[in-house]
Amino acid sequence: MRLLRIAAVLAAALLLVLVGCVLLAYLNQGRIVAYVLDGVQKRSGIRIEPRSSHIELQSHLVVVLEHPRVFLPSGETITFSRIRAVLNYHLIIVGHGLPVYTLEFDQPAIRLSGKAGAVPATIAYPRPELVRKLVFDLGRLALATRRIDVVGLSLADAAGHPLLERVGMLAFRTRREPRLWNVSVDSTVAYTALAGTRLAATFQAGTGRSMPEHVVLKGHLWFWQLPLAGPSGGALSSSAGTHGSVGFSLRDDATLRGDAEIGVKNLTVTSAHLKSPLDLGDYTLEAAFATSPEKIALTSATLRHGSEQVLAAQGGLQGRGTPNPKVHVQVGGIRINWRDILSPLHSIREIPENLRIVMEHLKSASLSVAGASLKAPLDALSKLAPEAILKHLTVSAELSQASLTPPSSTGLPPVSGIGAQLNYSAGVLTITQGVAKIGNSTLSDLNARMVLSRGLARIPYNFSVHADADLGELKPAVMTALERLKVKERGELEDISGTAGIEARGEGIFAKGHATAPEKYEIRVRPAGTRLVLKRAPAPITLTSGSVALAPGRIVMEKLSARAEGGLVEIDGSLRMSARGITTRGLAIDIHQLPARQWIAMVADPDALTAQGTLGGHIVVTRRTSTGLTLNGGLTLAPGSVKFAFLRSPIIVQAATLTLSGHGLVLAMPASQLEGVPLDFTVSMADWRHPAIKINALAQKLDFGVMSFLRLPWEPPTKAIQFKFPVSGHIYAGSANLSKLAMTKVSGDFSYDHGDWRVTNFQANSLDGHIRMDLSGRARDDWITMTGKVRNMDVGPLLLLSGKRKEAPIVGHLNIDVDMRADTDRDFFQTLSGTARVKLRNGHLNRFTLLSRLLSFINLKNWLTANMPNPLLAGLPFETITAEFKGDGGVLHTDNLRLHGPVMDIVATGDVDLARSRMDMVVGMLPLKTVNWLISNIPIVGKHVAGATTPLIAAYFHVSGPVSDPSVVPAPITSVEELVKKTLGLPINILIPNTIR
């Protein structure tokens with residue numbers, strides 16, 4: 001009972017004290033507030049200036065500051081709507097009211113100092129001493145309060161632009177760990193680019209038993225509803241926003257460690273340049289990081305698309321406190337599938353032309369990046385220059401499953417199975433194990449190297465590749481490439497098929513803005529049934545073995561074998577090309593069983609030369625700038641035939657040989673046959689640089705008609721044979737015939753030069769006589785000149801050659817000297833001019849129209865003797881017939897035709913028109929005794945010869961009209977003097993010069 005009274009008294013006393021304290025506090029509000037604020041400033045360095053204040057007496061003393069301004073030690077100024085400080089009564093007495101039980105901040109507004117939008121030159125990382133100061137400040141804050149509650153905080157930059165709004169924070173410490181703060185934060189981002197993003201965090205700061213050793217800060221940060229908007233303000237957005245969390249811990253040595261997870265759900269790209277929004281799906285980024293004053297390290301990072309990993313990365317920054325820290329980034333596990341990219345690209349409204357071409361032709365591709373790393377000083381990467389990045393980049397990747405459809409203009413078939421290993425390091429890109437399938441062709445062992453460290457303006461490169469090509473399928477591409485490269489020989493190639501192995505290597509430079517051909521290269525083609533159809537080649541050519549190597553200015557053929565219609569050609573040697581032309585030190589060509597008919601047509605005009613049979617032989621082709629092209633070796637045609645355009649028939653050969661010696665050649669056809677007759681025929685050219693053909697022919701028997709360019713002058717013109725080069729030579733025949741004229745031991749020299757021709761020293765035996773002639777013709781007017789002589793030729797058979805007569809009108813031995821000219825393009829006989837001297841010996845005139853008509857006017861009984869047969873029956877014998885004819889315009893004139901015989905002499909003067917086959921002559925016939933009388937009385941021949949006492953017996957006729965049917969009219973002797981002079985003058989003068997004048 002007593003105890004109860006004591007307790008009641010103490011309670012009443014305590015109540016009285018409390019009432020007194022409350023009353024005291026209420027009466028001294030200003031002093032109490034100033035007392036508390038002074039204590040806060042002394043312990044935390046924070047100065048608070050309220051516009052007004054009051055206290056509220058509850059279970060704790062509550063100090064309320066209205067619209068205070070708080071000045072932080074860092075210089076920042078914070079304005080509040082209200083601050084409520086909840087104080088413990090006991091601590092007011094014993095500890096100046098500190099620590100405050102609770103500090104409540106209502107709608108604080110923080111405005112950062114500094115220029116708006118300013119970006120610090122370097123990002124200051126907290127040093128260990130700064131971390132220790134933070135721990136110290138947290139301890140000092142613990143002396144000021146036990147709990148901080150912030151409601152509606154807003155943060156703005158120096159220009160007043162909002163950064164955060166509606167920030168709520170609760171920070172408290174417990175009695176068990178008085179120096180460890182437990183903090184939770186919730187806010188909304190007001191910054192324009194990230195407006196609407198929600199942030200939340202819980203962490204512990206300070207020291208305490210629940211904190212790991214040396215850790216002064218740890219916790220988690222969450223964010224969500226983070227918008228993804230591009231620079232255009234809505235070009236990139238996410239329907240669900242971006243969310244993520246970051247776990248972190250800070251040690252007292254300023255080392256920060258943590259891990260983060262960032263996710264994007266239903267990533268959708270929208271833009272005015274897109275036909276429709278792109279749904280890219282969900283992405284998640286998981287990362288672990290560690291930082292220190294010296295470095296920043298991204299120890300691991302993994303990006304996933306849905307459940308599939310897109311990439312893995314790690315990296316960091318070393319020497320962050322130095323002027324030029326080093327950055328390193330390593331990425332791997334990247335796999336890019338072209339089909340996944342292609343669908344989004346189709347949504348673009350206006351696709352760039354280069355990208356459109358790629359989309360049109362690239363059908364599939366997969367790029368796997370096993371690893372990519374970048375190590376470089378920060379200043380080298382600050383401007384993101386491609387050259388700087390490439391210099392320090394290292395990449396290892398694989399291209400696989402690529403396929404494309406080349407543009408139709410290339411003529412290439414679809415390309416599939418493209419793959420290669422890609423490695424880039426120290427500015428050098430290497431491509432190895434490259435493969436591809438181009439239709440039925442395969443490409444393998446592609447290796448390439450490009451040096452990018454010297455800049456992108458000029459990129460040195462080298463490459464090597466092997467291919468097994470189906471040339472038939474690649475024909476359109478080959479033809480197109482030859483046309484674009486303007487290869488002059490493209491027109492010769494009509495078709496290509498078969499297969500070939502191709503090995504190519506080269507090196508060069510990619511010049512900026514355009515591709516350049518390799519400066520050095522070697523392309524080696526190993527044909528395996530490669531079939532070529534050339535325009536001028538008569539048959540397809542199949543390349544079966546060997547190789548062809550192409551290099552700048554050089555083509556090397558090693559045992560290259562080509563077949564065509566059973567024949568084989570092997571080529572071995574090299575060609576060099578330069579601005580001065582093509583040269584070779586020796587290109588060996590071996591030919592086996594090659595059909596001559598088709599292939600000679602490639603090097604010779606078929607209208608001039610054709611051949612049958614098979615060719616074989618060996619030729620070495622040499623071409624030097626000093627000596628030009630030279631050929632050495634030989635070819636053999638056996639057996640076969642050679643047909644020249646100027647011959648009617650081919651020459652049948654057992655073994656024709658073509659010998660080549662430098663600039664000259666000799667085509668020899670010994671033991672050959674021409675129209676069944678043995679013939680040795682040789683065609684040679686001393687120097688084809690100055691082409692001139694020489695022909696030598698030795699025939700056992702020769703028909704001149706076999707030479708198609710030969711014709712008798714009076715025959716109709718034939719097709720002209722035009723030789724492109726000068727031609728000369730010699731012909732000899734044991735026997736020959738010109739039309740129906742048979743000859744023996746025929747020889748002659750000939751020459752031809754652009755239509756002008758000559759036959760010199762032509763000699764032959766014919767009809768028991770000998771012929772020697774020189775002939776020439778000129779191209780400009782087809783006139784020919786004939787000079788020569790015939791000796792002792794039997795004229796009777798000669799006159800029977802036409803076949804129109806069974807009996808020759810004249811029999812005897814002929815001598816003739818000719819120097820005449822005529823036009824062979826017009827009527828030969830109408831243009832004939834010149835002189836001809838004729839002499840016939842020991843013959844007789846057979847019965848023919850003119851003779852019969854002349855004799856019919858004579859009383860032969862008075863002329864004939866018993867020893868002389870009747871000329872009407874047996875013909876008229878003669879010892880000589882002589883005459884000299886002078887021709888002009890086809891008319892031959894003579895003043896001295898004389899027949900001297902045992903029966904009578906006949907003399908004549910007049911004209912023979914060969915063109916019209918007409919004659920107009922005066923003929924005198926004298927019995928032999930009259931002629932003898934005249935000669936015996938030569939001294940008295942003169943003006944008074946008519947007065948001689950012995951009568952002069954003679955007949956005188958005028959003959960005119962057609963040669964075959966002339967008109968004969970007897971005429972009186974009106975002037976013996978004139979008759980004798982005209983008819984007998986020349987023969988007498990020949991016997992006794994100047995007898996008659």
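## Starting at Gly 371

In which strand does Gly 371 lie? Look in E22, the strand that covers residues 362-377. Keep in mind from here on that this is a predicted model. Gly 371 has a relative accessible area of 17%, so this glycine counts as buried, the cut-off being under 20%.

What does Gly 371 touch once its neighbours within four places in sequence are left aside? The contacts are Val 331, Gly 332, Thr 394, Val 395 and Ser 396. Take Gly 332 from that list: Gly 371 and Gly 332 sit 39 residues apart in sequence, yet their C-alpha atoms are 4.1 Å apart in space.

## The whole chain

Zooming out, the protein chain runs to 997 residues, and 39% of them are buried. DSSP-style bookkeeping gives the chain 16 helices and 53 strands.

How about contacts along the sequence? Taking contacts between residues at least 6 apart in sequence, 49% join residues that are at least 24 apart.

## Two helices that cross

H5 spans residues 338-345 and H6 spans residues 353-361. These two helices pack with their axes 11 Å apart, at an angle of about 125°. That angle is neither over 145 degrees nor within 65 to 115, so H5 is oblique to H6. As for handedness, the crossing of H5 and H6 is left-handed.

Which residues make the contact? On the H5 side they are Trp 338, Leu 342 and Leu 345, while H6 brings Leu 355, Val 358 and Met 359. Sorted by class, the contact between H5 and H6 comes out as six nonpolar residues, with no polar and no charged ones.

## A run of hairpins: E30, E31 and E32

Now for some strands. E30 (residues 541-551) pairs with E31 (residues 554-564) in the antiparallel sense, over eight bridges. If you want a spot to check the register, Ala 549 stands opposite Val 556 in E31. The two strands make a hairpin with two residues between them, and Gly 553 in that turn has a positive phi of about 70°.

E31 then pairs with E32 (residues 567-578), again antiparallel, this time over nine bridges. Here Leu 560 has Ile 571 in E32 as its bridge partner. E31 and E32 form a hairpin too, with two residues between the strands. In this turn the positive phi belongs to Glu 565, at about 50°.

## Parallel, then antiparallel: E40, E41 and E42

E41 (residues 727-738) has a parallel pairing with E40 (residues 693-703), with 10 bridges between them. Within that pairing, Ile 695 is bridged to Gly 729 of E41.

E41 also runs antiparallel to E42 (residues 741-753), joined by 11 bridges. One pair to pick out is Ile 731 with its partner in E42, Gly 748. E41 and E42 form a hairpin with two residues between the strands, where Ser 739 takes a positive phi near 60°.

## Leu 631 and its contacts

Leu 631 is part of E35, which covers residues 628-644. Not counting residues up to four places away in sequence, Leu 631 touches Ile 619, Val 620, Val 621, Leu 660, Ser 661, Gly 662 and Trp 688.

Val 621 is worth a line of its own. Leu 631 and Val 621 are 10 residues apart in sequence, and the C-alpha to C-alpha distance is 4.8 Å.

## Two asparagines with positive phi

Most residues other than glycine have a negative phi. Against that background, have a look at Asn 761, which has a positive phi of about 55° without being a glycine. Asn 761 sits in E43 (residues 756-766). Its relative accessibility is 31%, so Asn 761 counts as partly exposed.

Asn 842 is also a non-glycine residue with a positive phi, here about 50°. Its strand is E47, residues 833-845. Is Asn 842 buried or exposed? At 54% relative accessibility, Asn 842 is exposed, because the cut-off is over 50%.

How values were computed
Residues numbered from 1 in each chain as written. Predicted model: local features only at pLDDT ≥ 70, side-chain atom pairs only at ≥ 80, totals over all residues. Heavy atoms only, no water. Pairing = 2+ DSSP bridges. Helix = DSSP H or I, 4+ residues; strand = E, 2+ residues; numbered from the N terminus. Axes fitted to C-alpha atoms, helices over the stretch in contact; angles between N-to-C directions. Parallel < 35°, antiparallel > 145°, perpendicular 65-115°, else oblique. Left-handed = near helix turned anticlockwise from the far one by under 90°. Contact = heavy atoms within 4.5 Å. Nonpolar A, V, L, I, M, F, W, Y, C, P; charged D, E, K, R; others polar. Buried < 20%, exposed > 50% of the residue type's maximum accessible area, 1.4 Å probe, protein only.
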